[in-house]
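Ready for a few hands-on exercises? Keep the viewer open and try each task before you read its solution.

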Amino acid sequence: MKNKTTTLLLSALIAFGMWLYVITVENPNQVNTYYNIPVVLEGESVLTDRGLMLVSDPDMKVRLDLKSNRTNLNNINSENITLKADLTDIYSAGEHQLNYSINYPGNVSYSDVKVVNKQPNTVKVVIAERERNEIPVVVSFIGKVKENFIMDPAQMTLDNETVTVEGPKEVVDQIHHAAVIVDCNNRTETISESYRFILQDKNNEAVDAALIKTSVEQIRVEVPIAATKRIALKLNVNAGGGASEENSSIVLDPAYVDVSGSDTALQKLDELVVGTINLGDIPEDTEKTFPITLPEGLTNLSGVTEVKATISFPDLAAKEFTITQIQPVNVPEGMKVELLTKQLNVMVRGLKDDVQKLQPSDITLQIDLTNVENVAAVEPVVIFAEPYQNMGVVGKYSISVTVSEADSKG
């Protein structure tokens, strides 16, 4: 009984083994389907050498129905099947249908597998002419800098003034420029940033650049922003000749300039002195020009390089008087004085009413002889009588004198 049971078990094992061999090795009639197998394109560099390029979607997927024995089919999956299509036989732009080869994993023989069906049977690729072009970078600004600040696009610098674009000829031919948009809203400091650009046509419309390669991805833009201020122009005025800043008319043209620079520097500057005038040296209405020189670091936005000063005396009058009252003072001890100049014509200026009333006797010319020896020309001090203290003389004068020892002959 025991031997009979053993024989039955052994027979069952042998039968199972034979059945398993038949269905896995000898029976090649099983079919499996494999989905979404990618097709790898080879030889794309050859297209570049021929002035061509691939423009269709390279993500092509294939479905395969394969027949083989169970062992082979169990060793195959969608990840270890390799599909390859060759681009090297393409010489022109347009649509091309390519056959693709099928490669199985190393433990599966190609001859043991039959392709029952493949979808699609061939793969379509679209080839275009390749074009390369250099286009300008165009920067546009939106928004306004903060009040009392100014941006100077003329001083803008770019790290790349052009961009090289490469891709399908029909697309490249549409591209006119690389547009960079800079937002200046409420900016107070110099812009120094990198920006992505948009490829646009001549109508400033964006071009579909999905297949376009560019030489750079960003453009660095630097453009100065500075504070601005209106600065009043001023003359230093020295009174003289009966004229002062209060009783004269001094008009500057321009009266101010607009300047730019650092906010700190401008805060320290409220007015700019362009020159000095001595009214005693100006006998009549006149015009003078002075250069406008700004402190270092500031820029003259007005573009005017000089200021014209119109000087007039509408409330004053001038009249020439012959003066004979000459008074030496501080004569050195033991010396005597001889006036070689007996009288002097001087131009006197003052308020109109005062000039009309003034008499030569109201004017004394005083000469200081301290340290004067021999013959000398001495500039007199003009002294007016009490009612005319605000008057003055216009111009420079001198009186010739001889100073010698008191006991000398002559």
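## Exercise 1: a pair and its exposure

The side chains of Asp-173 and Lys-169 form a salt bridge, with 2.8 Å from N to O. The model you are looking at is predicted.

Task: decide whether Asp-173 and Lys-169 are buried, partly exposed or exposed.

Solution.
1. Recall the cut-offs: buried is under 20% relative accessible area, exposed is over 50%, and partly exposed lies in between.
2. Asp-173 has a relative accessible area of 46%, so Asp-173 is partly exposed.
3. Lys-169 has 32% relative accessibility, so Lys-169 is partly exposed as well.

## Exercise 2: a network

Task: find which residues are joined into one network by salt bridges that share partners.

Solution.
1. Start with Arg-132 and Glu-166, whose side chains meet in a salt bridge at 3.1 Å, N to O.
2. Place the two partners: Arg-132 is in strand β8 (residues 123-142) and Glu-166 is in strand β11 (residues 162-168). With their positions 34 residues apart, the pair links distant parts of the chain.
3. Check the surface: Arg-132 has 57% relative accessibility and therefore counts as exposed.
4. Add Arg-130, and the network of Arg-130, Arg-132 and Glu-166 is there.
5. For context, the structure holds 12 salt bridges.

## Exercise 3: buried or not?

Task: Arg-63 and Asp-65 meet through their side chains in a salt bridge (3.2 Å, N to O). Work out which class of exposure each partner has.

Solution.
1. Arg-63 shows 34% relative accessibility, so Arg-63 counts as partly exposed.
2. Asp-65 has a relative accessible area of 8%, which is under 20%. Asp-65 is therefore buried.

## Exercise 4: a nonpolar patch

Task: name the residues that make a nonpolar surface patch of about 250 Å².

Solution.
1. The patch is made by Ile-142, Ile-181 and Ile-198.
2. Locate Ile-181 in strand β12, which covers residues 177-183.
3. A patch residue needs over 30% relative accessible area. Ile-181 is partly exposed at 42%, so Ile-181 passes that cut-off.

## Exercise 5: the largest pocket

Task: describe the space in the largest pocket and what lines it.

Solution.
1. The largest pocket holds about 230 Å³ of space.
2. It is lined by 14 residues, and the closest to its centre are Gly-241, Gly-280, Val-393, Gly-395 and Lys-396.
3. Sort the lining by class: six residues are nonpolar, five are polar and three are charged.

How values were computed
Residues are numbered from 1 along each chain as its sequence is written. This is a predicted model: local features need pLDDT of at least 70, side-chain atom pairs count only at pLDDT 80 or more; totals for chains, interfaces and linings use all residues. Side-chain values use heavy atoms; hydrogens and water are left out. On a 1 Å grid over the protein atoms alone, a cavity is a set of points where a 1.4 Å probe fits but cannot get out, and a pocket is an open set with protein on both sides within 12 Å along at least five of seven lines; lining residues have an atom within 4 Å of a point. Grid points are joined across faces, edges and corners, and a volume is the space filled by probe spheres set on the points. Ala, Val, Leu, Ile, Met, Phe, Trp, Tyr, Cys and Pro count as nonpolar, Asp, Glu, Lys and Arg as charged, and the others, Gly among them, as polar. Patches are made of residues with over 30% relative accessible area and no salt bridge: like charges are joined within 9 Å, nonpolar side chains (Val, Leu, Ile, Met, Phe, Trp, Tyr) within 5 Å. Accessible areas come from the Shrake-Rupley method with a 1.4 Å probe; for residues, only the protein chains shown count as cover. A salt bridge is a side-chain nitrogen of Lys or Arg within 4 Å of a carboxyl oxygen of Asp or Glu. Helices (H or I, at least four residues) and strands (E, at least two) are DSSP runs, numbered from the N terminus. Buried means under 20% relative accessible area, exposed over 50%, partly exposed in between (1.4 Å probe, protein chains only).
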